[in-house]
Amino acid sequence: MEETNREAVATAVQRVAGMLQRSDQLDKVEQYRRREARKKASVEARLKAAIQSQLDGVRTGLTQLHNALCDVKDIQNSLADVSKDWRQSINTIENLKDVKDAVVQHSQLASAVENLKNIFSGEARLKSSVCQSAVGQLPAQYQAAFTWFTLNVGLLGNLEKQGSLYTHLRVQVYIGRAPVGSVNMSPEPHETVALRRISTGVPEIVHETQELIEQGELLQAHRRLIDLECSRDDLMYEQYRMDSKNTHDMKLIHVYFGQVQGLSDELAKQLWMVLQRALVTVRRDPTMLVSVVRIIEREEKVDRKMLDRKKQTGFIPPGRPKGWKARMNQVLEGTVSARIESTQSETRDSDKMWLVRLLEITRKYVLDDLTVVKNMMVQCFPPHYNTFQLFFNLYHRALSARVQELAVEDLEANEIVSLLTWVLNTYKSVEMMGSPDLYPECDVKQLEPLLPQEMVDVLLGKYMQTFTSNITGWLRKALETDKKDWQKDTEPEADQDGYYQTTLPAIVFQMFEQNLQVAAQINETFKEQVLRLCLKQMTSFLVRYRDEAIAYKEEHLKDRQLPQCYVQYMIAIINNCQTFKESINSLKRKYSQSTEPTQNDVQIEKTLNEVAKEGCQFLLDEVFLDLEHHLNELLTRKWLTGCHAVDTICVTVEDYFNDFAKIKKPYNQEMTAEAHRRVVVEYLKAVMQKRITFKNADERKEGADRMIKEAEQFSFLFKKLSAGEDTDWLCGSITAIAEVFKLTDPTLLFLEVSTLVTKYPDIREEHIMALLAVRGDANRDMRQTILETLSQSKPSSSTNSKPIFKDITVPTITAMTAMAVPKLLK
């Protein structure tokens, strides 16, 4: 026993330590204590029920064995006495004729007493003539007492009150209260025996009734109890009528029938035990339940009768009204509450799905129990009891109380959703109260909510708070996981169309989808709230995503050899933006009834476009870092003598764009256009930096022809990369400048420059000065004349034209000197 106690204490200490791991859990000690108390009470209730059932059977068996043993002993003693008397008197039988006559007379008296007992105890409803015949067998003085009693009370003909006649007669005669002269107060010995036989009627009936209760014969036991109570109540009522102030006699009667109240309590105890197991009893022995209901109905009828008499006379018997019907309702309510409480067999510590399991067991129990009530128990109760509605209301109140207890516990987010889904949806669905098995008695439209709206709002608020914290952590963890993938030496996976991607969008929107599905189980309003929260969190998440993409690029620039798959993962980052857009639109179509864009939608769209645009820019930066050396060779003496810088540029760009082909639309198209523009701009910058000055017309022609050829190369390349889109306008700027260089007649230079300015109106004066400087044959006066003429006739900038010279700066003399000094030092 001591070892068991130590193990129990150790287990309890471990459980308490598990519950109180954080300081904030100390505030919930009382809540934990109530939960453990409920669990303990549930286990104790089941144990008590099982033990009580076993004890009832053992007690009945022991009682029967004890009675049998006593009977055997009595028989054995009687047989011994008979044997002894027979041996002693065998020789004197002939001398006992007088005794034989006395025995005959004694038998007659015993018969008369027995008849009186049956008549006056209410067991045999004989007619008055039989009663008078039995009384006639008594000696004269008792006949006189009986006659006096019937004359004064006038109850001889009332067969329903023969029990009170018998009792009153016995009490009056036995205690010497009959009128003087009417009865001899010194009865003969055999007459005293008769009186004593009468006086033993009530204890015998009490004993018999007790045995019937123990044997489960409740209807018969109640019938005898009613007879006893009727005798007592009528006798007390007659005494009250004759002398209401005589408390002594009233008390005497009450004491004489004192065992009757205990008998009533014992019978009631048996009734409540049957009602507590009503759902089991109705399956095994419905007649027992019917008997209980009949007994309660009879008691209710007597209660009404006694209350009506009280209104008329002011007298009411002790113990009335019993109110057994009200008590029955209390017992049934307690039984239903215990049934609901007993469904919890697990806790969060032992089973993470404890609440789901609890709610499912509760659903099954309630549905099964109400089905039994509808199909079986209703037949055991009178129609006016409205039995199904009674049990329906009891289960509803018990469930409401239980879920309110659960709601105030420290529930986790998934547990809150499980509880609210069960309360708001499952409870009224066809799986429970709306089941066809309960139709048409159960009308779910008339059901009151299990939880008040205030408590539902509190739970929803708590869930949103927890969900906000959880989803922030989930998104942070998902981004960290994705960042680790960016450092891998293997290419990212591709979708079914061959576009690079990472698992980040799928992970994020799988989380959103799961939580929205859960929210949709509660109601539409809550689903919209969760969707708005997801989009709000997405806005913050995309800002972090953008920052991480920038950091990824900057880290790569420190060592361009790492990571090895930088380009591929940057492409995946860009493609993820398009996947995010498609996923968000899919969620909105599926879970939102509103089509109007919100502030979050605008911000998400803006951030995703920025991430994609910057990603494309990062990739182009990578390209032009490789092209930097070759771009620096353009429009130099080396270039003029025949280097292959442009050939290398075209091959490099095409090679990169073989990888860029795995960028999704429209980003790949925008990136191709930007690459085309940047190549042309870099080429024009080389011109404007005046890296070369043509010495004569031959050099100008050679350089111009080379520029025209290279412009055609660029045009062919980007037309190929952009799937046939027009590329002439950008490359045409190189050709137009080449025409300025190629012109042999300086007097026509103004016209050629005017054509260039007309076609590209964003060109500035410093650009023209740089072109004339590269040409090498325009003196100061010619340059001044051209500039003055152009300034007077310069066309206005077209709103439809795309600026190309806007971002091209012409280095000043100071800047050119600064660039030349390092070269000279080398």
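Helices here are DSSP runs of at least four residues, numbered from the N terminus. With that in hand, the loop between helix H20 (524-558) and helix H21 (566-591) is where Pro563 turns up. This is a predicted model, and the peptide bond leading from Leu562 into Pro563 comes out cis, with omega near -15 degrees.

Stepping back to the whole protein chain, its secondary structure adds up to 31 helices and 0 strands. The chain has 826 residues, and 42% of them count as buried. Looking at contacts with a separation of 6 or more, 77% come from residues 24 or more positions apart. As for the surface, the chain exposes about 44,500 Å², and carbon and sulfur atoms supply 53% of that area.

Now for some backbone oddities. Most peptide bonds are trans, and most residues other than glycine have a negative phi. Besides the bond at Pro563, a cis peptide bond joins Arg320 and Pro321, with omega at about -5 degrees. Pro321 belongs to the loop between helix H13 (286-313) and helix H14 (324-341).

Positive phi values show up too. Leu635 has a phi near 55 degrees, although this residue is not a glycine. Leu635 sits in the loop between helix H22 (599-632) and helix H23 (637-640). Is Leu635 buried or exposed? Its relative accessible area is 1%, and the cut-off for buried is under 20%, so Leu635 counts as buried.

Lys690 is another non-glycine residue with a positive phi, again near 55 degrees. Its place is the loop between helix H25 (667-688) and helix H26 (697-721). Lys690 has a relative accessible area of 27%, so this residue is classed as partly exposed.

Finally, there is the largest pocket, with a volume of about 1,400 Å³. Its lining is made up of 45 residues, and those nearest the centre are Ala49, Met273, Gln276, Arg277 and Ala278. Which elements give two or more residues to this lining? They are helix H2 (29-89), helix H8 (201-214), helix H11 (258-276), helix H12 (278-284), H14 and helix H15 (354-375). H2 gives the most, with 14 residues. In terms of chemistry, the lining of the largest pocket splits into 16 nonpolar, 13 polar and 16 charged residues.

Technical notes
Residues numbered from 1 in each chain as written. Predicted model: local features only at pLDDT ≥ 70, side-chain atom pairs only at ≥ 80, totals over all residues. Heavy atoms only, no water. Buried < 20%, exposed > 50% of the residue type's maximum accessible area, 1.4 Å probe, protein only. Contact = heavy atoms within 4.5 Å. Areas by Shrake-Rupley, 256 points an atom, 1.4 Å probe, with all protein chains shown as cover. 1 Å grid on protein atoms, 1.4 Å probe; cavity = no way out; pocket = protein on both sides within 12 Å on 5 of 7 lines; lining within 4 Å. Points joined across faces, edges and corners; volume = space filled by probe spheres on them. Nonpolar A, V, L, I, M, F, W, Y, C, P; charged D, E, K, R; others polar.
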